[in-house]
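User: Hi! Could you walk me through this structure before I head back to the bench?
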Amino acid sequence: MATVHQTPSPAASGLLLRPSSSSSSSANPATLVPYNRALLVGGARGGARRLRHRRGGGAAAAGRRGWWSPAARAVLDVDGAAGAALTAVNASLQRRDDPPPPKVASLNDIISERGACGVGFIANLKNEPSFKIIRDALTALGCMEHRGGCGADNDSGDGAGLMSAIPWDLYNNWASKQGLPSLDSSKTGVGMIFLPKNEQFMEEAKSVITKIFAEEGLEVLGWRPVPVNTAVVGYYAKETMPNIQQVFVKVAKEDSSDDIERELYICRKLIERAAKAAEWKDELYFCSLSSRTVVYKGMLRSEVLGQFYLDLQNDLYKSSFAIYHRRYSTNTSPRWPLAQPMRLLGHNGEINTIQGNLNWMQSREATIQSPVWRGRENEIRPFGDSKASDSANLDSAAELLLRSGRSPAEALMILVPEAYKNHPTLMIKYPEVVDFYDYYKGQMEAWDGPALLLFSDGKTVGACLDRNGLRPARYWRTVDDFVYVASEVGVLPMDESKVIMKGRLGPGMMITVDLQSGELYALYYDNVSSIH
């Protein structure tokens, strides 16, 4: 969705205006004069950007839609000397031999332009991994091609990706072919890494990664070039396509699964810090580094993600859940690392408070402490990146809370709270929820959307909608214990007779699947329930 900024003041506006006649009234406001076949929208600092015309626009259509409303106040009456000067400018423009310019675009049409990512997840309540989940996720993702952006070559997508549980059968099959021992899923972390294209830089980056792991007491078991089909990659995406490899590391010194995840998080932060002095610093990126989840993504169209990553076509790739995402880039230009899902989240929408959120995160960096970090807080800073997208920074904040001991649901409630003030049901039935929000509002400012967020740490899969509720999300559960969430219906063929529950998320609502207990939790407007 395009961000709408406050309209500049008349004095600061760079618009060409037609002066109103003495007989004009509020029903006939001044109209914008087309200039050089484009509408120029100026700002207080003198900057301007061109907006393309839309067919069927024009002053008449604009008037019918009330484009003089407060949301698009850009048409002004001009009298006196300023009006006479503008009349002379308009007359000189009309005397030119150029063909008449097209009609001015309606600001209502421009402001009403919308774009939204396509997201969804599939989860099995019995936590039974299968290739069917991956296949269905790719099918659903392919049905969301219309939700993503595409380059001028018609092949380079804004981004598409899939997060799943680690397919140990697939990776153990690779390990056996390499003469490696079977991977211990309880002690092994898998890193999905974008490495520099240049072979020398790639080897330097791998050397830094191996060195940091060794210093942290982790053993690198092997590097696996991820098999890909570059023939389906668009021209522009191929120009910046990284070397894609996986690293397998043994974490022997930690016993708890959460401690292993925390150690891998620290290692990634240390690697990112060590890479800052390198020439290839902007070409190294961890899609994921975890003992539970792995992310396959890229600057691709959703239809070709499964064709590009050959792993996703292998029936040994089995998972009990999958989160899929098709990106529509708004605030940033498409890049391979900015494809989603991120390491924890898949985000449909925008964070319109991003600058304030980043400032607050930076201001608290020096004071954030937790016993779980064992005095290593300095090594995991910074917690945000102004060069990254709003989604990437929200993911970074959520990951920090998660690795500090919060559950995914808690982390998202802290970051993206619902509209709890004066909520009649919460105030009466669940005052402890109000207390939760009141307590954390002093520690974390809301990351305001619009935002539909899908998330997973490998143990829980869920989705939540921010308090604005401006992103669609449908969910349904089937009799064979599958739960589906998608930003639209119809992404998968479904036997309706098997659907035992369905609905949509409203503002502030959340739905989560506990993969370990097999429970489905839904947070509604008027009740919090556990659905078995």
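Analyst: Happy to; we can go through salt bridges, aromatic pairs, charged patches and some backbone details. One thing first: this is a predicted model.

User: Good to know. How many salt bridges does the structure hold?
Analyst: The structure holds 28 salt bridges. One of them pairs arginine 364 with glutamate 445, where the closest N and O atoms are 2.9 Å apart. Arginine 364 lies in helix α10 and glutamate 445 in the loop between α14 and β12, so this pair ties together parts that are 81 residues apart in sequence.

User: Is arginine 364 buried or exposed?
Analyst: Arginine 364 counts as buried because its relative accessibility is 17%, under the 20% cut-off. Its partner, glutamate 445, has 22% and counts as partly exposed.

User: And what does lysine 459 form a salt bridge with?
Analyst: With aspartate 258; the closest N and O atoms of lysine 459 and aspartate 258 are 3.4 Å apart. This pair also links distant parts of the chain, with lysine 459 in the loop between β12 (451-456) and β13 (460-465) and aspartate 258 in helix α8, 201 residues apart. Lysine 459 is partly exposed, at a relative accessible area of 23%, and aspartate 258 is partly exposed at 35%.

User: Got another one, say for aspartate 155?
Analyst: Sure. Aspartate 155 forms a salt bridge with arginine 301, and their closest N and O atoms are 3.5 Å apart. Aspartate 155 is in the loop between α4 and β4, while arginine 301 is in the loop between β9 (293-298) and α9 (305-308), 146 residues apart. Aspartate 155 counts as partly exposed at 32% relative accessibility, whereas arginine 301 counts as buried at 13%.

User: Which residues are linked in a network of salt bridges?
Analyst: Glu254, Asp259, Arg262 and Arg374 are linked in such a network.

User: Switching to aromatics. How many aromatic pairs are there?
Analyst: The count comes to 16 aromatic pairs. In one of them, the ring centres of phenylalanine 194 and tyrosine 285 are 6.0 Å apart with the planes at 35°, so the pair is tilted. Phenylalanine 194 sits in strand β5 (residues 188-195) and tyrosine 285 in strand β8, 91 residues apart. Both phenylalanine 194 and tyrosine 285 are buried.

User: What about tyrosine 420 and tyrosine 437, why is that pair stacked?
Analyst: Their planes are at 25°, with the ring centres of tyrosine 420 and tyrosine 437 5.0 Å apart, so the pair is stacked; planes under 30 degrees apart count that way. Tyrosine 420 is in the loop between α12 (408-415) and α13 (424-429), and tyrosine 437 is in helix α14 (residues 431-440), 17 residues apart. Tyrosine 420 is buried with a relative accessible area of 8%, and tyrosine 437 is buried with 4%.

User: Which residues form one aromatic cluster?
Analyst: Phe194, Tyr285, Tyr296, Phe308, Tyr309, Tyr317 and Trp336 form one.

User: OK, on to surface charge. What forms a positive patch?
Analyst: Arg273, Lys276, Lys281 and Lys387 form a positive surface patch. Lysine 281 is in the loop between α8 (257-275) and β8 (285-290), and lysine 281 counts as partly exposed at 41% relative accessibility.

User: Which residues gather in a patch of negative charge?
Analyst: Those are Glu204, Glu279, Asp282 and Glu283. Aspartate 282 is also found in the loop between α8 and β8, and aspartate 282 is exposed at 65% relative accessibility.

User: Last topic: where are the cis peptide bonds you can point to?
Analyst: One runs from glutamine 340 to proline 341, with omega near 10°. Proline 341 lies in the loop between β10 (321-326) and β11 (345-349). Another joins arginine 381 and proline 382, with omega about 0°, and proline 382 is in the loop between α10 (354-364) and α11 (390-403).

User: And which residue other than glycine has a positive phi?
Analyst: Asparagine 154 is one of them, with phi near 65°. Asparagine 154 is in the loop between α4 and β4 (160-165) and counts as exposed at 56% relative accessibility. Asparagine 127 also has a positive phi, about 60°. The place of asparagine 127 is in the loop between β3 (118-124) and α4 (131-142), and asparagine 127 counts as partly exposed at 33%.

Notes: Residues are numbered from 1 along each chain as its sequence is written. This is a predicted model: local features need pLDDT of at least 70, side-chain atom pairs count only at pLDDT 80 or more; totals for chains, interfaces and linings use all residues. Side-chain values use heavy atoms; hydrogens and water are left out. Patches are made of residues with over 30% relative accessible area and no salt bridge: like charges are joined within 9 Å, nonpolar side chains (Val, Leu, Ile, Met, Phe, Trp, Tyr) within 5 Å. Accessible areas come from the Shrake-Rupley method with a 1.4 Å probe; for residues, only the protein chains shown count as cover. A salt bridge is a side-chain nitrogen of Lys or Arg within 4 Å of a carboxyl oxygen of Asp or Glu. Lys and Arg count as positive and Asp and Glu as negative; His and the chain ends are not counted. The place of a charge is taken as NZ of Lys, CZ of Arg, CG of Asp or CD of Glu. Helices (H or I, at least four residues) and strands (E, at least two) are DSSP runs, numbered from the N terminus. Buried means under 20% relative accessible area, exposed over 50%, partly exposed in between (1.4 Å probe, protein chains only). Rings of Phe, Tyr and Trp (its six-membered ring) pair if their centres lie within 6.5 Å; planes under 30 degrees apart count as stacked, over 60 as edge-to-face and the rest as tilted.
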